[in-house]
Amino acid sequence: MPNPKDFAILFDASRCIGCKACQVACKQWNDLEAENTKNRGSYANPPRLTSHTWISMRYYEGLKPDGDPYFDFIRGSCMHCTHAPCVTACPTGAMAHREGGVVTVDEKTCIGCRSCVQACPYGAVHFDEARGVVQKCTMCYDRISHGDQPACVKACPTDALTFGTYQEIRAMAEERVRVLKERGHTRANIYGLRELGGTHVLYVLTEHPSQYDLPKAVREAEKRAATGWLSAGIAAAALGAGLKFIVERREALKGGNQ
């Protein structure tokens, strides 16, 4: 479970209107490139996370068993897991927890092996071909470490996103579920309390997590990451100086481009 004083974000699906203000704010603050997209018959655009899209809203619509229509939204992004498979899978320590439980990647030591990409059960880590390193949400660490809110939280017009300590966010999530159940949402629940040792992003949902395509086999992802780390560790030991050379070579090339 996360430390009570860790950083955390609450996404409340019952308050989200799918406006994508969070998605745009993330792009703007982190200076992420726009991507060429096309209409695929869904409001989700781009359809999945990439190295240049760290938040992607997903949309679900249909009919409930009683015939009433539903239109639900979910925020796709890094969950900043306590037992993060991406951290376990990284052979160089480039992907690591920072103060407050936030998972970030150190581009100087990332060798672009993509073990973390394969390990993440949320599809939140992606390889940037141009830069030769992986990219993902940082929970706006450059903002929160100075007492500000993540850009996505600050942009949300309906308070569907809230930032605080894990203790505050968890208490808020539990209270929201209690209120939702009183209002007739009998399946209201919290996602992220048990997954991968507890995630630093919690979801308040009005339906079962499967309705939002949230992964259920996260324990298996954790095991695969551990296996991947062992294999990668053996490979890294065998390569030894080779990895050091790659990192030093990348730094030398960056220096030459300046």
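Which residue in β10 is the bridge partner of I190? In this predicted model, the partner turns out to be V204. That pairing is a handy way into the fold, and the rest of the picture can be built up around β10.

Start with the chain as a whole. Its secondary structure adds up to 8 helices and 10 strands. Of the 258 residues in the chain, 47% are buried. The accessible surface comes to about 13,500 Å², and carbon and sulfur atoms account for 52% of that. Looking at contacts between residues at least 6 apart in sequence, 61% of them join residues at least 24 apart.

How far can the coordinates be trusted? The average pLDDT of the chain is 88, and 84% of the residues score at least 70. One stretch to treat with care is residues 234–241, where pLDDT stays under 50. For this stretch the model has just 2 contacts beyond four places in sequence. Where pLDDT is low, the predicted coordinates are not something to read in detail.

Back to β10, which belongs to an open sheet of 4 strands. The strand order is β8-β1-β10-β9, and the pairing is mixed. At the edges sit β8 (161–165) and β9 (189–191), each of which pairs on one side only. Neighbouring strands in this sheet are turned by 25° against each other on average, direction ignored. Helix α6 (residues 166–182) packs on the sheet, where it touches β1 (7–12), β8, β9 and β10. The direction of α6 makes about 135° with that of β8.

The mixed pairing shows up on the two sides of β10. Strands of a sheet pair through backbone hydrogen bonds, and they can do so either parallel or antiparallel. β1 and β10 run parallel and are joined by 4 bridges; here I9 has V201 in β10 as its bridge partner. β9 and β10 (residues 201–205), on the other hand, run antiparallel and are joined by 3 bridges. Besides the I190 and V204 pair, Y191 stands opposite Y203 in β10.

β10 is also mostly covered, with 5 of its 5 residues buried. In a regular strand the side chains alternate between the two faces of the sheet. β10 has V201, Y203 and L205 pointing one way, while L202 and V204 point the other way, and all are buried.

Elsewhere in the chain, helix α1 (residues 21–29) is worth a look. Its buried residues are C22, Q23, A25, C26 and K27. They pack against β2 (56–63), α5 (151–155) and β8, the last of these being an edge strand of the sheet described above. After α1 comes D31, whose phi is positive, near 55°.

The cysteine in α1 raises one more point: how many disulfides does a search of the whole structure find? The number is 0. C26 can't form one because its sulfur is 6.3 Å from the closest cysteine sulfur, in C140, which is too far for a bond. C26 has a relative accessibility of 7%, so it counts as buried. C78 is in no disulfide either, as the nearest cysteine sulfur, that of C137, is 5.4 Å away. At 8% relative accessibility, C78 counts as buried too.

Terms used
Residues are numbered from 1 along each chain as its sequence is written. This is a predicted model: local features need pLDDT of at least 70, side-chain atom pairs count only at pLDDT 80 or more; totals for chains, interfaces and linings use all residues. Side-chain values use heavy atoms; hydrogens and water are left out. Two strands pair if DSSP finds at least two bridges between them. Axes are lines fitted to C-alpha atoms, for helices over the stretch in contact, and angles run from 0 to 180 degrees between N-to-C directions. Contact means heavy atoms within 4.5 Å. Buried means under 20% relative accessible area, exposed over 50%, partly exposed in between (1.4 Å probe, protein chains only). Accessible areas come from the Shrake-Rupley method with a 1.4 Å probe; for residues, only the protein chains shown count as cover. pLDDT is the predictor's confidence in each residue, from 0 to 100. A disulfide is a pair of cysteine sulfur atoms within 2.5 Å.
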